[in-house]
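Reader: I'm new to reading structures, and I'd like to know how the labels people use are earned. Could you walk me through a few?

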Amino acid sequence: MVKEYKSDIEIAQEAVMLPIKEVAKKLDIEEDDLELYGKYKAKLSDEFARKIENNKDGKLVLVTAINPTPAGEGKTTTTVGLGQAFGKMGKKAIIALREPSLGPCFGIKGGAAGGGYAQVVPMEDLNLHFTGDFHAITSANNLLAAMIDNHIQQGNELGIDTRQIIWKRCLDMNDRALRNIVVGLGAKADGFVREDHFVITVASEIMAILCLANDMKDLKERLGKIIVAYNYKGEPVTAKEIKAVGAMAALLKDAIKPNLIQTLEHTPALVHGGPFANIAHGCNSVRATKLALKMADIVVTEAGFGADLGAEKFFDIKCRKAGLKPDAVVLVATVRALKYNGGVAKEDLNTENLEALKKGIVNLEKHIENLQLFNVPVVVTLNSFVTDTEAEYAFIKDFCEERGCKFALSRVWENGGEGGVELANAVLETLETKKSEFKVLYPDDMSLEDKISTIATKIYGAAKVEYSPAAKRALNKIAELGFSNLPVCMAKNQYSLSDDAKKLGRPEGFTINIREVYVSAGAGFVVAVTGTIMTMPGLPKNPAAFNIDVNDEGVIEGLF
């Protein structure tokens with residue numbers, strides 16, 4: 001008899017949540033330190049941040065994964081379940097996650113609240129409007145866009161070349177029709193006609209800035225550095241020169257404050273910021289992570305998609321810029337995903353296949369090697385499925401231990417915190433017995449081309465890098481402007497180590513193709529766009545939106 005499982009949203013809606021004031025008490029947070037958004041959500045006040053700034057930092061554990069597959073990996077589920085397991089063991093722990101984007105929620109990927117009995121709640125609020133942070137970021141982005149066009153309409157004092165406006169409007173939705181548009185049609189009073197573009201909100205530089213800023217002062221300095229266009233002399237024009245900084249900061253005044261919610265087992269969770277990892281830097285906010293470290297003994301955070309994207313950017317951008325030093329990394333995989341990498345069709349993944357496992361485990365092997373380049377201890381965990389076999393587990397366990405990694409099974413999807421105790425013990429043992437000697441992959445003073453080449457060859461395994469003529473020109477321009485010391489944020493598909501999503505496993509001898517390069521001067525990194533990656537995704541043929549509804553009692557259905 002096949003066991004029937006409840007959907008994620010059914011589990012979340014049946015959960016008995018504690019008032020967020022009671023969850024906060026676990027971390028010695030008083031009610032006056034909270035800015036309440038109803039009973040179950042709150043922002044942490046600036047006063048609270050100042051109150052705990054001299055506390056000793058806890059241990060920082062990053063959760064990352066192999067390249068995602070249709071078989072599923074469960075990185076957020078593992079992060080939540082691990083936090084719950086620490087809570088069950090009496091540890092003072094907190095999890096720090098990104099906020100979900102509406103784009104994938106209504107597209108193909110679904111929400112980002114974890115799964116099964118390892119979720120953060122309220123699940124519907126988190127996946128939809130939450131505390132309005134993304135709306136604030138979208139508004140700030142588009143205010144700047146409106147002020148650029150208005151500046152030109154009112155006489156163009158800064159001499160902006162209308163062919164070189166690089167600031168794009170944004171919307172937190174998958175809408176391919178907005179990628180390339182024309183604005184200013186109509187009468188003279190309606191503006192000037194020009195080509196314009198949209199990106200998804202999570203790819204906006206405002207999102208990256210909010211997630212990397214330490215405080216309001218830092219936020220405003222970063223906003224002022226945004227390059228929005230170039231003038232007729234080829235010189236950059238900034239948001240500060242457009243006089244947009246104060247108004248943007250006013251829109252972001254509350255959004256910069258981290259959000260506190262809870263897991264199904266009432267473990268505190270800070271959920272704040274949400275840059276995509278395939279087109280942005282893929283980590284929750286520096287503010288939330290730093291606050292979490294002052295609030296708890298163990299902080300479990302995650303970085304988006306596979307370790308080739310999220311973890312590399314977590315280390316080389318977030319940790320470099322924020323002075324963070326991770327103490328351990330949990331690398332998530334599944335037997336099914338490894339067999340998929342070994343060439344097994346999705347419908348055949350439930351059958352034991354050690355030969356396919358041996359072929360596909362090279363993807364896990366490459367991610368282990370990559371993480372070890374940063375000198376951080378690695379724990380490998382498998383999200384358990386009922387179709388897995390003991391022989392498959394034994395093979396993977398031996399494989400990981402031969403490479404110096406602790407290994408543990410995770411059953412948090414089905415059993416919540418209890419199913420994560422084995423993993424939690426492996427992480428604790430690693431924290432106690434192995435010292436992290438964290439280092440970044442490349443130095444600040446390396447050239448941008450060498451930084452891109454280092455990531456492409458050492459992390460992806462590429463043989464070489466090729467640039468489009470436009471990308472070459474952009475690199476030269478960025479160097480001339482004095483931005484060569486910035487880290488690189490690679491925009492690459494998440495499904496493969498290469499820039500071709502169909503090359504699974506551990507491809508070799510391939511070329512990384514850089515088609516576009518631009519500087520996010522406010523965020524403090526240079527973006528290199530590879531292959532066919534899009535900064536405004538589109539909806540699939542059968543989007544998740546088809547299945548989402550609200551019943552007559554006002555209860556949301558079909559969200560996952």
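Reader: Which strands and helices each supply at least two residues of the lining of the second largest pocket?

Author: This is a predicted model, by the way. The list has strands S7 (160-165), S11 (198-200), S12 (227-231), S22 (511-520) and S23 (525-530), plus helices H8 (205-212) and H20 (469-480). The pocket they help line has a volume of about 1,100 Å³. Of its 42 lining residues, Ile166, Lys168, Glu516, Val517 and Tyr518 are the closest to the centre.

Reader: What makes up that lining, by class?

Author: You get 25 nonpolar, eight polar and nine charged residues.

Reader: Now the rings. Why is the pair of Phe314 and Phe315 called edge-to-face?

Author: Two values decide it. Their centres are 5.7 Å apart, and rings pair if the centres lie within 6.5 Å. Their planes stand at 70°, and over 60 degrees counts as edge-to-face. So edge-to-face is the label for this pair. Phe314 and Phe315 are both buried, and they form one aromatic cluster with Phe374 and Phe438.

Reader: And why is the pair of Phe395 and Phe399 called tilted?

Author: The centres are 6.3 Å apart, again within 6.5 Å. The planes are at 40°, while stacked needs under 30 and edge-to-face needs over 60. Neither fits, so the pair is tilted. Both residues lie in helix H16 (residues 390-402), four residues apart, or about one turn of the helix.

Reader: How do you know whether Phe395 and Phe399 are buried or partly exposed?

Author: Buried means under 20% relative accessible area, and exposed means over 50%. Phe399 has 10%, so Phe399 is buried. Phe395 has 23%, so Phe395 counts as partly exposed.

Reader: What makes Arg403 a charge over the ring of Phe399?

Author: Arg403 lies over the face of Phe399, at 3.5 Å from the ring centre, and the limit for that distance is 6 Å. Arg336 has its charged end over the ring of Phe385, 5.0 Å from the centre.

Reader: How do you know that strand S14 pairs with S15?

Author: A pair needs at least two bridges, and S14 (residues 259-263) and S15 (residues 268-271) have four, in the antiparallel sense. One example is Asn259, which stands opposite Val271. The two strands form a hairpin with four residues between them, and His266 in the turn has a positive phi of about 70°.

Definitions and conventions. Residues numbered from 1 in each chain as written. Predicted model: local features only at pLDDT ≥ 70, side-chain atom pairs only at ≥ 80, totals over all residues. Heavy atoms only, no water. 1 Å grid on protein atoms, 1.4 Å probe; cavity = no way out; pocket = protein on both sides within 12 Å on 5 of 7 lines; lining within 4 Å. Points joined across faces, edges and corners; volume = space filled by probe spheres on them. Nonpolar A, V, L, I, M, F, W, Y, C, P; charged D, E, K, R; others polar. Phe/Tyr/Trp six-rings, centres within 6.5 Å; stacked < 30°, edge-to-face > 60°. Buried < 20%, exposed > 50% of the residue type's maximum accessible area, 1.4 Å probe, protein only. Lys NZ or Arg CZ within 6 Å of the ring centre and 35° of its normal.
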